[in-house]
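Student: Could we take a close look at a single part of this model together? I would like to follow how its strands pair and where their side chains go.

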Amino acid sequence: MFNRRQIIGASAAGAALVSSSAWSKTANTSLPDAALVAAAQTQAPLHPSTGPDYQPVVTLNGWTLPFRMNNGVKEFHLVAEPVEREMAEGMTAYLWGYNGQSIGPTIEAVEGDRVRIFVTNKLPEHTTVHWHGLILPSGMDGVGGVSHPQIKPGKTFVYEFDLVKSGTFMYHPHADEMVQMAMGMMGLFIVHPKDPAFMPVDRDFCFLLNAFDIEPGSYVPKIMTMTDFNLWCWNSRTFPGIDPLVVSKNDRVRVRVGNLTMTNHPVHMHGYDFEVTCTDGGWTRPEARWPEVTVDIPVGGMRAYEFDAVHEGDWAIHCHKAHHTMNAMGHDVPTFIGVDKSALTRKIRALQPEYMPMGTAGMADMGEMEMPLPDNTVPMMTGWGPYGPIEMGGMFSLVKVREGIDADDYSDPGWYENPPGTQAHEWTGEVPEATSMADAATRITPRAGRASSDAGPKQG
Ligand SMILES: [Cu+2]
């Protein structure tokens, strides 16, 4: 059984952790409970109650799967099943996932652990689980038809292996993969170092990049889509449905990101530079790191980066592909910037009085507008900040760094108050006329001393 601390830890942020009693108490009495969480809010980290200690990860808008110890083996129970996932307020998708959610719960264990993972298939078709990046016996690798037979609907398979290295890994099906990944079946697998003093951090966030193609007003992803996805997600959530990454000032912070879409995502974080310290191949050696502000996450890859949270503020974190910070939109909208649509507007309004011409001065007005939307969709660009519309959707969130946030507190601290004199503001003084650079160049005169050949380089 799970101990009380695990249950409380996982439910502290408000959602109920309940066991799937139909599966644990009847046909499969020897299996560990299949915990499930229905809410889409970020759950507090699940601190280990037995075995080696570690700083648990926080899965953005997700949770960690509890385990039980059985004669020294850590046992988990994943249930592959259809789920309903709220992707943002106002939009729910009918997906496939694990234990009530897409993405599935994060599996956390420690280097040196032996894990036994029961996988029950409640999908209408067969499945498998591939443990992406882990070093394990060939027969445990989860490639349907190669490693072992696929898991038929209604059946439970058991995977068992030693965790021989620590790092950042994922799990996903290797059976009818195109469909099952497009439907949202994936999760994170974090293996903590055996030595808790190895690269310790105070906060350890993780999320998967995933994408769906769900027409506004419908619920099920189009599984044949290869490039034109319209919902770019972190952990099957889309902004403004993605929780902030809440950090206490001076924390050492790790952010682990995996990519299970079909394109790369340059994840950019404001306010800091950072270094990549881990890939899905393992920890990067200190001499192989360099500072960055954007890290490109390759398809099927993982990157973890770290920084010291010394700068207070609300810092954007987002994919830098501008189309990936948009929600469902039509890609066939023509560009109208600079076009005078007034004559056309008059003609259309004769037939449809509410018609509004869009996009002649850019598309920022989309962020403010409360246009009627079909049921079950999210506006293309949305979210409100303290000073106006944020005009973002998709793969976007905020890193909120504040003084004195408690160790296990991940609740939204609200908006950052900029200290006086540290915020851009309107200039109300005189604005000089524009000067052409060609004119300006003729007025540049050499500084005293520079013209002479031996005056310049001798300073200092
Ligand atoms: Cu992207």
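Student: Which residue stands opposite W232 in strand 14?

Tutor: Happy to go through it, keeping in mind that this is a predicted model. The residue opposite W232 of strand 14 is A211. That pair belongs with the pairing of strand 13 (residues 203-212) and strand 14, which run antiparallel and are joined by four bridges. Strand 14 covers residues 231-234. Its side chains split into two sets: L231 and C233 point one way, while W232 and W234 point the other way. In a regular strand, side chains alternate between the two faces of the sheet. Here L231, W232, C233 and W234 are all buried.

From L231 we can move on to the nonpolar core. The largest nonpolar core has 95 residues, and L231 is one of those with the most contacts inside it, along with M170 and F189. Nonpolar side chains tend to be buried together in soluble globular proteins.

F189 leads us to another sheet, since strand 12 spans residues 187-192. Leaving aside residues up to four places away in sequence, F189 touches I107, W131, L134, F169, M170 and Y171. Strand 12 runs parallel to strand 7, and four bridges join the two; E108 has I190 in strand 12 as its bridge partner. Both strands sit in an open sheet of four strands, ordered 7-12-11-9 with mixed pairing. Its edge strands, strand 7 (107-110) and strand 9 (130-132), each pair on one side only. Neighbouring strands of this sheet are turned against each other by 25 degrees on average, direction ignored.

Methods. Residues numbered from 1 in each chain as written. Predicted model: local features only at pLDDT ≥ 70, side-chain atom pairs only at ≥ 80, totals over all residues. Buried ≥ 20, exposed ≤ 12 C-beta atoms within 10 Å, placed from the backbone. Pairing = 2+ DSSP bridges. Axes fitted to C-alpha atoms, helices over the stretch in contact; angles between N-to-C directions. Core = buried A, V, L, I, M, F, W, Y, C linked by C-beta atoms within 7 Å. Contact = placed C-beta atoms within 7 Å.
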